[in-house]
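User: Could you walk me through reading a few features in a structure like this one? I'd like the general idea each time, then the actual case.

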Amino acid sequence: MGGAFLAAAVLARLGGRIGLPTIPLFILAGIILGPHTPGVVLISDPHDLEMLSALGLVLLLFYLGLEFHLDDLKAGGRKMAVAGGTYLALNVGAGLAFGFALGWGTSEALVLAGVLGISSSAIVTKVLVDTGRLGNRETRPVLGIIVVEDIFLALYLAALQPILSGADSLAAAVGDGAKAFAFLLLLALAARFGTRLVGRLFSTPDDELLVISFLGAAVFVAGVSEWFGVADAIGAFMVGLMLGSTSSGERIRKLVHPLRDAFGAIFFFAFGLSIDPGDLPVVLWPVLAAVAVTLVMNVLAGVAAARLYRFHRQEAANISTTLLARGEFALIMATMAAAAGLDSRLSPFIAGYVLLLAVLGPLAAGRSHWLARILPGRDSDDGDGDGDGKEKRVGDGGEDAGHGAGLIPGGTAAAAPGRR
């Protein structure tokens, strides 16, 4: 394990020097030091890290819940809901069509719809920070789309769980789905109306007791959720949703950071261990085709959002490229697919797809002005000539920037580690 942490850290530091995000590098470390690659093998059986990997996934979704607030969607209004719905319709719809076109099976197509449809909040947030765009007016719809994706994520995983569990009949599938949604509804009601009671239960000035309390609650509810047919990570997400709105929410966000980062790295590393590089050439063309589909759908979604908000084409390019990367949710889907015994090609496909877009996304975001040259619409009239899409006027630009940054608790410092 020490070698795993060090290898992930070394690769991440090297990648950071050239502007690469950490997630694909953690996966790459697992591939290089796993049992399927010649040379040093740190861990011969990926199942040895299964519990720690599951804990990493739970903490990633728990942190996402801490950052998400029901009020975020209300504050964004109709435009944010329309922009997020358009993004999901284009990308999830294209992912479902792509999955059926591959002919791997219906369950596999549903998995691919989620994989191709949801962007990586962690990488998106890091791109916004690294490119200095947190104050841009297009940041508000970008973060709004992420909020809508978060809601869809919870519902989609809950709906997909009974299908992947292999229910014997339609009645059994409906029963499993009803049980899962009932439990999810119970958690949602607790998050909506039980904040005061939960806040009192977790209120303590002692950081040690607070860490033990929230960690125990997240893991326990995750386990109970799995028993009810809801993905364990979604149970942890709902616990984070409850605790994020309490008086202890800000302290919990700070205290969970090192736990999330450490065990999250193990989750990505363990996923890399399970990948056989020899399988990647088999799915090379499907991966390249999926990347092309994602590029086209993101451009269309970016243009649609820009027209909705009356942005210029540089801002449309910024939206399109910022939301391009795929990451945590795709790996969650891969883990669920492997546990359900779906097509063995799914894991290498998702790994190659995530690796390629996790690298391509930040690089494309830094060069969005190339895309802006060929997009329809107006040129930026901000007069600064740098093509970064920043709004220099005080009016609605400043207001949008404030709202956009407000979706990331704590501002830039809190945004840097990522949301998922």
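Analyst: We'll go through charge pairs, then a surface patch, then two residues and their surroundings. Keep in mind that this is a predicted model.

User: Fine, charge pairs first. How many salt bridges are there?

Analyst: The general idea is simple: side chains carrying opposite charges can pair when their charged atoms come close. With a cut-off of 4 Å between the nitrogen and the carboxyl oxygen, the count here is five salt bridges. One of them joins D207 and R251, whose closest N and O atoms are 2.6 Å apart.

User: Which parts of the chain does that pair link?

Analyst: Distant ones: D207 sits in helix 10 (residues 207-227) and R251 in helix 12 (residues 249-273), with the two positions 44 residues apart in numbering. Neither end is hidden by the usual cut-off, where buried means under 20% relative accessible area. D207 has 38% and counts as partly exposed, and R251 is partly exposed too, at 28%.

User: And where does R253 find its partner?

Analyst: R253 pairs with E250, with 3.1 Å between the closest N and O atoms. Both belong to helix 12 and are three residues apart, so about one helical turn separates them. The two ends get different labels: R253 is buried at 8% relative accessibility, while E250 is partly exposed at 35%.

User: What about R260: which residue does it bridge to?

Analyst: To D261, and the closest N and O atoms there are 2.5 Å apart. R260 is buried, with a relative accessible area of just 2%, whereas D261 reaches 40% and counts as partly exposed.

User: Let's turn to the surface. Which residues make the nonpolar patch?

Analyst: To read a patch, look for nonpolar side chains that are accessible and neighbour one another; the cut-off for joining them is 5 Å. Here L284, W285, L288 and L356 make a nonpolar surface patch of about 410 Å². Helix 13 (residues 284-309) supplies the largest share, three residues.

User: Is L288, say, buried or exposed?

Analyst: In between: L288 is in helix 13 and is partly exposed, at 37% relative accessible area. That is above the 30% needed for patch membership.

User: Now something on the inside. What does T294 touch?

Analyst: For a buried residue, it helps to read accessibility alongside the list of contacts. T294 is another residue of helix 13, and it counts as buried at 1% relative accessibility. Leaving out residues up to four places away in sequence, T294 touches N91, L116, L324, R326, Y353 and L357. With Y353 there is also a polar contact between the side chains, at 2.6 Å.

User: And how would I spot a residue that brings together pieces far apart in sequence?

Analyst: Compare separation in sequence with separation in space. Take I123, in helix 6 (residues 121-130). I123 and P21 are 102 residues apart in sequence, yet their C-alpha atoms are 6.8 Å apart.

User: Which other residues does I123 touch, and is I123 buried or exposed?

Analyst: Besides P21, the contacts of I123 are I23, A325, R326, E328, A358 and P362, again not counting residues up to four places away in sequence. I123 is buried, with a relative accessible area of 3%. R326 is worth a look in the viewer: R326 appears among the contacts of I123 and also among those of T294.

Key:
Residues are numbered from 1 along each chain as its sequence is written. This is a predicted model: local features need pLDDT of at least 70, side-chain atom pairs count only at pLDDT 80 or more; totals for chains, interfaces and linings use all residues. Side-chain values use heavy atoms; hydrogens and water are left out. Patches are made of residues with over 30% relative accessible area and no salt bridge: like charges are joined within 9 Å, nonpolar side chains (Val, Leu, Ile, Met, Phe, Trp, Tyr) within 5 Å. Accessible areas come from the Shrake-Rupley method with a 1.4 Å probe; for residues, only the protein chains shown count as cover. A salt bridge is a side-chain nitrogen of Lys or Arg within 4 Å of a carboxyl oxygen of Asp or Glu. Helices (H or I, at least four residues) and strands (E, at least two) are DSSP runs, numbered from the N terminus. Buried means under 20% relative accessible area, exposed over 50%, partly exposed in between (1.4 Å probe, protein chains only). A polar contact is a pair of N or O atoms within 3.5 Å; within protein, one must be able to donate a hydrogen and the other to accept it, and residues adjacent in sequence count only if both atoms are side-chain atoms. Contact means heavy atoms within 4.5 Å.
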